[in-house]
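Here's a quick walk through a two-chain model, written for someone who likes numbers next to their pictures. Have a look at the structure first, then read on.

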Amino acid sequence: MMSKFKYALFTGCTAKQSTPELLSSTLAVAKKLGIEITILEEASCCGASHLQDFDEFLAHVLNARNICYAEKLGLTMITICNTCQLNSAMTKHALDTDPDLKARVNEKLAEVGLEYKGTSEIKHFLYTLIDEYGLENIKDKVEVPLSHLNIAPFYGCHNIRPSELHHTSNGGENPYNPTSLDQLINALEGHPVDYDHKNKCCGFHVELQANHTSEVLAGNAMVDAIDNNADIMVTPCPLCHLKMDTYQDDIGKVIGRDVELPVLHMPQMVALALGCTPKEIGLNFHVQKATHLTA
Amino acid sequence: MSDTRKVTIKAFRFNAETDYLPYYKQYEMEVGKDELILDLLNRIKWEHDGSFSYRRSCRHGICGACAIKVNGKATLACKQNAIELLDLFNNELVFEPSSKKRVIKDMIIDKKDFWDKHAAVKPFVVADVEPHPEHESKQSIEEFNKFLDSDLCIQCGACHYSCPALEVNADYFGPAAFVAAYRFTVDTRDNAGKERLEMTAEPGQGVWDCVKCYECAEACPKEINPIEKITKLHNMQFEQGVAVSNVATRHAEGFVRSIRKHGFLDEADIVVYSEGYLGMYKHMKTAVKMMKAGKIHWNDALPWVDNVPKSKNLDEIQKLIEISMTNKL
């Protein structure tokens, strides 16, 4: 039977390299829920805001090319990284509202036989699960309820801000009080942890040039979650995951406290509850191990 | 349905001269559909406690005095409808000053750091003007449009005190100063653009310490979108040859190097390229941990080993870079 839910997946760079567990758990969740996914193998890096700092026009051209391939399939382009979501959606918004820029970008794309039309939506997988597949339907598929876990939702900036953009094209969260991850945790029968830093910045983007700032921001969020009894943290953004999973020793040193908290990708959490295999969930790829979750 | 809603407001109270610690005080009132947050501040003072202190002046979104935070959201009190926020925050409002650590009394803060940084970027047109000019110094519509939105800044500090980078790093200029730097740098009558670009390129204080959180874009009551101006300052540093090679600029430019080769970002290469081989010692411990977890591989950083996945139709990407790239480091 053909699935009602069909999407073109823009994996981003991280899911293809340092967080293979993000890609495998995303595909496992899709399989369990009967969501059909086509990976956009032609896609390139979204620029992650850094290419945009160097050459904004080039970033628009490359992102428009990625979107072209989703348009060719006639599908919504889904993302599994907040930063991919934001940068792709910013290009779409810029091109859809500025005919002159769209023409200049299309002039370049024509050289490789492509044309950006603006026909595909761009949405983070978190919001396709909630808004399109539906929490009630996910609830029905839960095999391993997460009722033994206090889970701290960490939303990640680029899925909630700037709200103007996310309200027209993504989840439409209140950036000062986002709720989607909390709802998802509830649907999987886990206990969402309420804490102030759930919508704050993890510091990933200045890891290299402003290391101290980066460690303090990540640390503030993590100890807030820990102090509110979190067993694990969950995030829809692999960059937040990388910052908070791999740098816990350094973060602890900078803020003067031990920081030990497993950080799961959103699809890993869903995969756990749907009873996917440990290989698909890929917890072995974490630096801060979360082995106790699947005992 | 009644025209008013019963609301509980928790207001931050602190008097730096007499109080040891701040505290929150609760006020209950019926709020009408046309009332602004400023009206509620007034009613706390007029109906409940005359000692409650806050800044206000123009009452129509121009003076920037009444910026506070409501449930963590930067809010210009005279512009914000109260019912809208009640809907957003489930009928409970928490009033706090823009920056708790700078409080003098209740909602009133010491904005010295804001004004110092704003002044440091020379927020005025620097030009030699004849004492008795024969013509006005005109701007075309196109020239004017370049700085039109950033000229609307009212220096309320909403973005400045929402910026997490600034909370950690006191040297950082912050979004409002960057908006001012941008506004006067793109003004064709101004001669200090290069100086401002150099100032804002400096590591620690400049735009490269921006954490990309978009809190400033969310906070601005005049919809100026400060981070968009920060990106433009980044771009202008490259365009005007002000950018010097350092870890941050190589990190930005290094994306092109990776994308040209693989389509994707080479995560190992971008760190080595940005830091230089000598700078890698800082990352060795993390690299070993990531290797043990299988996140990276021992030979990823070797120039003759290529573990990075390739985009399909990579030739298209290479061609587009060749014909679209305008900047150089």
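What follows covers confidence, then chain B, then the domains and strand pairing of chain A.

**Confidence**

Keep in mind that this is a predicted model. The overall scores are ipTM 0.96 and pTM 0.96. For chain B, the pLDDT averages 94, and 99% of the residues score at least 70.

**Chain B as a whole**

Chain B is built from 13 helices and seven strands. How does its radius of gyration sit against the globule rule? The value for chain B is 25 Å, well over the 20 Å that the rule gives for 329 residues, so chain B is more spread out than a compact globule. Along the principal axes, the C-alpha atoms of chain B fill a box of roughly 75 × 70 × 45 Å.

As for burial, 42% of the 329 residues of chain B count as buried. Then there are the contacts: taking those in chain B with a separation of 6 or more, 66% are between residues 24 or more positions apart.

The domain assignment splits chain B into domain 1 (4–109), domain 2 (112–130 + 137–239) and domain 3 (247–324). Note that domain 2 of chain B is written as two segments, 112–130 and 137–239. Where domain 1 of chain B meets domain 2 of chain B, ten residues of domain 1 are in contact with nine residues of domain 2. On the domain 1 side of that contact, the residues divide into five nonpolar, four polar and one charged.

For a single-residue view, try Arg257(B), which is found in helix 10 (residues 247–262) of chain B. Is Arg257(B) buried, exposed or partly exposed? Arg257(B) has 16 C-beta neighbours inside 10 Å; a residue needs 20 or more to be buried and 12 or fewer to be exposed, so Arg257(B) counts as partly exposed. Its C-alpha lies 10.0 Å from that of Ile321(B), although the two residues are 64 apart in sequence.

**Chain A: two domains in contact**

Over in chain A, the assignment gives domain 1 (6–123) and domain 2 (143–282). Across the boundary, 26 residues of domain 1 of chain A are in contact with 24 residues of domain 2 of chain A. Which elements supply the domain 1 side? Helix 1 (20–33), helix 4 (82–97) and strand 4 (122–124) of chain A each supply at least two residues there. Helix 1 of chain A gives the largest share, with nine residues. By class, this side of domain 1 of chain A has eleven nonpolar, eleven polar and four charged residues.

Here are the domain centre separations, taken over C-alpha atoms:

| Domain pair | Distance between centres |
|---|---|
| Domain 1 of chain A and domain 2 of chain A | 23 Å |
| Domain 1 of chain B and domain 2 of chain B | 28 Å |

**Chain A: strand pairing**

Strand 5 (residues 150–153) of chain A is a good one to trace by eye. Strand 5 of chain A runs parallel to strand 6 (residues 191–192) of chain A, and two bridges join them. Within this pair, Ile151(A) has Pro192(A) as its bridge partner.

Strand 5 of chain A also pairs in the parallel sense with strand 7 (residues 232–235) of chain A, this time over three bridges. Here the bridge partner of Pro153(A) is Val234(A) in strand 7 of chain A.

Notes: Residues are numbered from 1 along each chain as its sequence is written. Chains are lettered from A and ligands numbered from 1 in the order in which they are written. This is a predicted model: local features need pLDDT of at least 70, side-chain atom pairs count only at pLDDT 80 or more; totals for chains, interfaces and linings use all residues. Domain bounds come from an automatic or database domain assignment. Two residues are in contact if their C-beta atoms, placed from the backbone, lie within 7 Å. Helices (H or I, at least four residues) and strands (E, at least two) are DSSP runs, numbered from the N terminus. Ala, Val, Leu, Ile, Met, Phe, Trp, Tyr, Cys and Pro count as nonpolar, Asp, Glu, Lys and Arg as charged, and the others, Gly among them, as polar. pLDDT is the predictor's confidence in each residue, from 0 to 100. The radius of gyration is taken over C-alpha atoms; the globule rule is 2.2 Å times the number of residues to the power 0.38. Two strands pair if DSSP finds at least two bridges between them.
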